[in-house]
Amino acid sequence: MIVAHPFWAEPLGCGAVVRGRHRLFSQLFNKVSVLFLSSSSATCPLPGATFHLQGALRREDVQQVKRYLDQEQCSALYFSYDLGGLAHQLDGYKMLELHDVMHLREQAFSAYGYTAPISVKSADELASMRRYDSVLVLNTEECRYLKDQGVDQAVYLPPSMSFAQCPVSPEARPIGCIGSQAKPNLHGLRECLGLLGELGGVLAGPLSQAKEVSAVDSSSLLNMGIVDDVADFYNQVEVVLSPIRFGAGLKIKVLEAIAHGRPVLATTHSVAGFPEEIRDFVIVNDDVSTWNKKLVQQAKALADRDFEGFCRKHFSAEVLIGRLQDVFGVKQPAK
């Protein structure tokens, strides 16, 4: 696994996805090494190695990576994010983890008046993807899009997520929202802050520290800050809000809520790319500014649905390992 971000220490989003991949690979392969390309003093605590890079990737850095891979006899290479400048110089079966189709993400940001943090030309991004042996895609809609664009090696592989029923505390509040301070999250928070204040909701994660929160009477909100264990958040809420209107990839927090037995009040974008049965566990309404107590009650009424069965059918390790075995069975058998 070749990564340029410390996924073992990232509590949300891509960190959770890559930790799940590491667990899957550890069940599928006899040996899994993590090669961390660090741009700081941080090192990887997992079996493998850390290479500290100074600025842009140099020829000697590529040679060092090659020597390490030869030494470890690594024949299957997994890349979290497109490191084409390195990946396309290496030998072996190469997999790209596609968290987002970046050019689609950029277009979505622009449509809402925002500038995406990463800008890439669609032709360049698609050309780089085509050079990998497999492209693992979290989102069913994005997988279909890529195949239409000639990325025939795109494979739908959602995140792995085990069901972890979380009891509802007697002091639980009707609604809650958890997430990072990414622009789509902040945009959605602004639109549902009124409802959070009205119903005395819960906020957690970096999003809870956004300046917008100061506009709400603090006595009406339970602000949990950054929680060490997300179960502490889910224990305090009956319905989770996902007011996100734009972006790309898959909304991991929607899946996480369902895996903790919590129904979700969401936008269409928040549930895009999930299996169709997601609709059994969410209430979808795109006019976030008009979300109200009635919609929350409709979502709460879904609490007795089979959340565990949904997670087992689509996101269990057994299902995803089977798909990975199919991937390697085409090109190269897993060890």
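Cys192 lies in helix H7, which covers residues 183-199. The model is predicted. Relative accessibility of Cys192 is 0%, so the residue counts as buried. Beyond its neighbours within four places in sequence, Cys192 is in contact with four residues: Leu241, Pro243, Val288 and Trp291. Val216 stands 24 residues from Cys192 along the chain. The C-alpha atoms of this pair are separated by 11 Å.

A second buried position is Lys253, in helix H9. Its relative accessible area is 19%. The cut-off for burial is under 20%, so Lys253 is classed as buried. Sequence neighbours within four places aside, the contacts of Lys253 are Leu12, Ile178, Val230 and Tyr234.

Helix H9 also packs against another helix. H9 spans residues 252-259, and its partner H12 spans residues 307-315. The two axes are 9 Å apart and meet at an angle of about 130°. This angle makes H9 oblique to H12, because it falls outside the ranges for roughly parallel (under 35 degrees), roughly perpendicular (65 to 115) and roughly antiparallel (over 145). On the H9 side, the contact is made by Leu255, Ile258 and Ala259. H12 contributes Phe307, Phe310, Cys311 and Phe315. By class, the contact comprises 7 nonpolar residues. No polar and no charged residues take part. Lys253 belongs to H9, but the residues that H9 supplies to the contact with H12 are Leu255, Ile258 and Ala259.

At the level of the whole chain, 13 helices and 13 strands are present. The C-alpha trace spans about 60 × 40 × 40 Å along its principal axes. The radius of gyration is 21 Å. A compact globule of 335 residues would have a value near 20 Å, so the chain agrees with that expectation.

Burial and contact statistics complete the description. Of the 335 residues, 54% are buried; Cys192, at 0% relative accessibility, and Lys253, at 19%, are both in this class. The accessible surface comes to about 15,000 Å². Carbon and sulfur atoms account for 48% of that surface. Among contacts with a separation of 6 or more, 61% join residues 24 or more positions apart.

Definitions and conventions: Residues are numbered from 1 along each chain as its sequence is written. This is a predicted model: local features need pLDDT of at least 70, side-chain atom pairs count only at pLDDT 80 or more; totals for chains, interfaces and linings use all residues. Side-chain values use heavy atoms; hydrogens and water are left out. Axes are lines fitted to C-alpha atoms, for helices over the stretch in contact, and angles run from 0 to 180 degrees between N-to-C directions. Helices (H or I, at least four residues) and strands (E, at least two) are DSSP runs, numbered from the N terminus. Contact means heavy atoms within 4.5 Å. Ala, Val, Leu, Ile, Met, Phe, Trp, Tyr, Cys and Pro count as nonpolar, Asp, Glu, Lys and Arg as charged, and the others, Gly among them, as polar. The radius of gyration is taken over C-alpha atoms; the globule rule is 2.2 Å times the number of residues to the power 0.38. Buried means under 20% relative accessible area, exposed over 50%, partly exposed in between (1.4 Å probe, protein chains only). Accessible areas come from the Shrake-Rupley method with a 1.4 Å probe; for residues, only the protein chains shown count as cover.
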